[in-house]
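Here is a short briefing on one protein model. Keep the sequence and the 3D view open as you read.

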Amino acid sequence: MSMSSKEMAKTAYQSLSEKKADDIKIIDISGISVLADYFIIADGSNQHQIEAMCDAVEEDLFKAGVPIKQKEGNRNSSWILMDYGDIIVHVFSKEDRLFYDLERIWGDGKFIDISEL
């Protein structure tokens, strides 16, 4: 059984939420890009939390049968990108999230609430 992109986004959101991620945003980019259906963006307050957030997403999606396609960044990075094909998860430090401002760049996408998934 394969998960839909909505189910993948919901799982990633819940994983991040359980690790107390800050300001989790879901952007539906399916209508404006072929990169993915959803971007999930969150930030953590320190390196250990960022690491735990990424580990939780990877573990929960792997358990659901969704292996990661590509991961950019490492345990010392302040921005980690996890590509699952239909969803892309961005985990930032607070400073880098403000600097790169993906919400503005992808502002043509539809910001959705977790209840919509």
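The points below cover the sheet, the helices packed on it and a group of aromatic rings.

This is a predicted model. An open sheet of six strands has mixed pairing. Helix 1 packs on that sheet, and so does helix 2. Four aromatic residues form one cluster: Trp 79, Phe 92, Phe 99 and Tyr 100.

**Sheet layout**

- The strand order across the sheet is 3-4-5-2-1-6.
- Strand 3 (70-72) and strand 6 (110-112) are the edge strands, and each pairs on one side only.
- From one strand to the next, the twist averages 20 degrees.

**Strand pairing**

- Strand 4 (residues 79-83) and strand 5 (residues 87-93) run antiparallel and are joined by five bridges.
- Within this pairing, Leu 81 stands opposite His 90 in strand 5.
- Strand 1 also has an antiparallel pairing with strand 2, over five bridges.
- On its other side, strand 1 pairs with strand 6 in the antiparallel sense, over three bridges.
- Asp 28 has a bridge partner in each of these neighbours: Tyr 38 in strand 2 and Lys 110 in strand 6.

**Helices on the sheet**

- Helix 1 (residues 5-18) touches strand 1 (22-28), strand 2 (38-44) and strand 5.
- The direction of helix 1 makes about 20 degrees with that of strand 5.
- Helix 2 (residues 47-63) touches strand 2, strand 3, strand 4 and strand 5.
- The direction of helix 2 makes about 165 degrees with that of strand 5.

**Aromatic pairs**

- The structure holds five aromatic pairs.
- One of them joins Trp 79 and Tyr 100, with 4.6 Å centre to centre and 45 degrees between the planes. That pair is tilted.
- Trp 79 lies in strand 4 and Tyr 100 in helix 3 (residues 94-100), so their pair ties together parts that are 21 residues apart in sequence.
- Phe 99 and Tyr 100 also pair, with ring centres 4.9 Å apart. Their planes stand at 90 degrees, so this pair is edge-to-face; the cut-off for that class is over 60 degrees.

**Exposure of the rings**

- Are these aromatic residues buried or exposed? Phe 99 is exposed, with a relative accessible area of 64%.
- Trp 79 has 26% relative accessibility, so it counts as partly exposed.
- Tyr 100 is partly exposed too, at 34%.
- The cut-offs behind these labels are under 20% for buried and over 50% for exposed.

Notes. Residues numbered from 1 in each chain as written. Predicted model: local features only at pLDDT ≥ 70, side-chain atom pairs only at ≥ 80, totals over all residues. Heavy atoms only, no water. Pairing = 2+ DSSP bridges. Helix = DSSP H or I, 4+ residues; strand = E, 2+ residues; numbered from the N terminus. Axes fitted to C-alpha atoms, helices over the stretch in contact; angles between N-to-C directions. Contact = heavy atoms within 4.5 Å. Phe/Tyr/Trp six-rings, centres within 6.5 Å; stacked < 30°, edge-to-face > 60°. Buried < 20%, exposed > 50% of the residue type's maximum accessible area, 1.4 Å probe, protein only.
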